[in-house]
Amino acid sequence: MPKQEPIILPPKYYLDYFNYVLEFVERQYDHILDKPEYLFYQAFRDLSEQAQCLYLRFSNRRGLYFRMNKIAYDEIPNATDAKEELAHQGFIRINQSLEPDQFQLFTKSELVELFDFLLPSQPKTEILSELTETEIPIIHELEETVEVLKNEEVDFIKMLFFGNRYVQFTEFVIRYVGNVKIDSLDESKFKPWFTSREEALSVMHLSQLKKMIAELQSLDLPVEDYIADMPWET
């Protein structure tokens, strides 16, 4: 069996593909898109190319929080300017969130070194449970923590294109597109998943509920402790 040639993608393939998705969704779902999506379209297109790339790099990774000093991409030579532009335009927030999830960005040894009430013998799960929002400013004094915004708009656009909001753009491109040029794709194979905005929003809401329930179940809480507080209605 001949050896399969490795897939070689251009440095900014994810930006080209995201722009393709935006254009496709804009054409196929004009009857569904509304003010939130159009505002996102305009704001994203007004960004410089470097800022667009950095936002997509954030958006395509798992999680909402990132350590800026861990971000380095060859195709974004001036990430600092791109970061400042994204913050100014409302695509990210820097050192503003007090969400304890940010502690997960740090290794166990880093956290033990930062907070003297923690012990090296403690498992990281136990360490994370001891840290609260009151310790977040200590982290922010040392380095920049980025919180990614406009996630609902991206998830909604992703859902309109893929039929769900869980597909990662980069994974899809590498797995299904590979070396195929975007302009050679047969759009007739892409069919609209939704006929109305109400239908799309309902599916989006159910998807969010599913994620919330899964997260709560992972905490091993009794069902009656959280089921009544779920936002069943939009």
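1. A good place to start is where two helices meet: Tyr17, Tyr20, Val21, Leu22, Phe24 and Val25 of helix 1 are in contact with Ile157, Leu160, Phe161 and Phe162 of helix 8. Sorted by class, the residues of this contact are 10 nonpolar, with no polar and no charged ones. Please keep in mind throughout that this is a predicted model.

2. As for how these two helices are arranged, helix 1 covers residues 13–28 and helix 8 covers residues 151–162. Their axes come within 10 Å and cross at roughly 75 degrees. Angles of 65 to 115 degrees count as roughly perpendicular, and helix 1 and helix 8 are therefore roughly perpendicular to each other.

3. Next, have a look at helix 2 (residues 35–46) and helix 3, whose axes come within 8 Å and cross at roughly 125 degrees. Helix 2 and helix 3 are therefore oblique to each other. On the helix 2 side, the contact is made by Phe40, Phe44 and Arg45, and on the helix 3 side by Gln52, Tyr55 and Leu56. The classes here are four nonpolar, one polar and one charged residues.

4. Helix 4 (residues 79–88) is worth a moment too. Which of its residues are buried? They are Ala79, Ala82, Lys83 and Leu86, and you may want to note that a lysine is on that list. Viewed down the axis of helix 4, the buried residues fall within an arc of 100 degrees, so they line one face of the helix. The general background is that an α-helix has 3.6 residues a turn, so residues three or four places apart point the same way.

5. What covers that face? The cover over the buried residues of helix 4 includes helix 3 (49–59) and strand 2 (92–94). After helix 4 comes Gly90, which has a positive phi, near 80 degrees.

6. Now for strand 3 (residues 145–148), which is covered on both faces. Thr145 and Glu147 are buried on one side, while Val146 and Val148 are buried on the other.

7. Strand 3 also has pairing partners. With strand 1 (residues 65–67), strand 3 pairs in the antiparallel sense over three bridges, and here Tyr65 has Glu147 as its bridge partner. Strand 2 and strand 3 likewise pair in the antiparallel sense, over three bridges, with Ile92 standing opposite Val148. Strand 2 is thus a handy link between two of these points: strand 2 pairs with strand 3, and strand 2 is also among the elements covering the buried residues of helix 4.

Key. Residues are numbered from 1 along each chain as its sequence is written. This is a predicted model: local features need pLDDT of at least 70, side-chain atom pairs count only at pLDDT 80 or more; totals for chains, interfaces and linings use all residues. Side-chain values use heavy atoms; hydrogens and water are left out. Axes are lines fitted to C-alpha atoms, for helices over the stretch in contact, and angles run from 0 to 180 degrees between N-to-C directions. Helices (H or I, at least four residues) and strands (E, at least two) are DSSP runs, numbered from the N terminus. Angles under 35 degrees count as roughly parallel, over 145 as roughly antiparallel, 65 to 115 as roughly perpendicular and the rest as oblique. Contact means heavy atoms within 4.5 Å. Ala, Val, Leu, Ile, Met, Phe, Trp, Tyr, Cys and Pro count as nonpolar, Asp, Glu, Lys and Arg as charged, and the others, Gly among them, as polar. Buried means under 20% relative accessible area, exposed over 50%, partly exposed in between (1.4 Å probe, protein chains only). The arc is that of the directions from the helix axis to the C-beta atoms. Two strands pair if DSSP finds at least two bridges between them.
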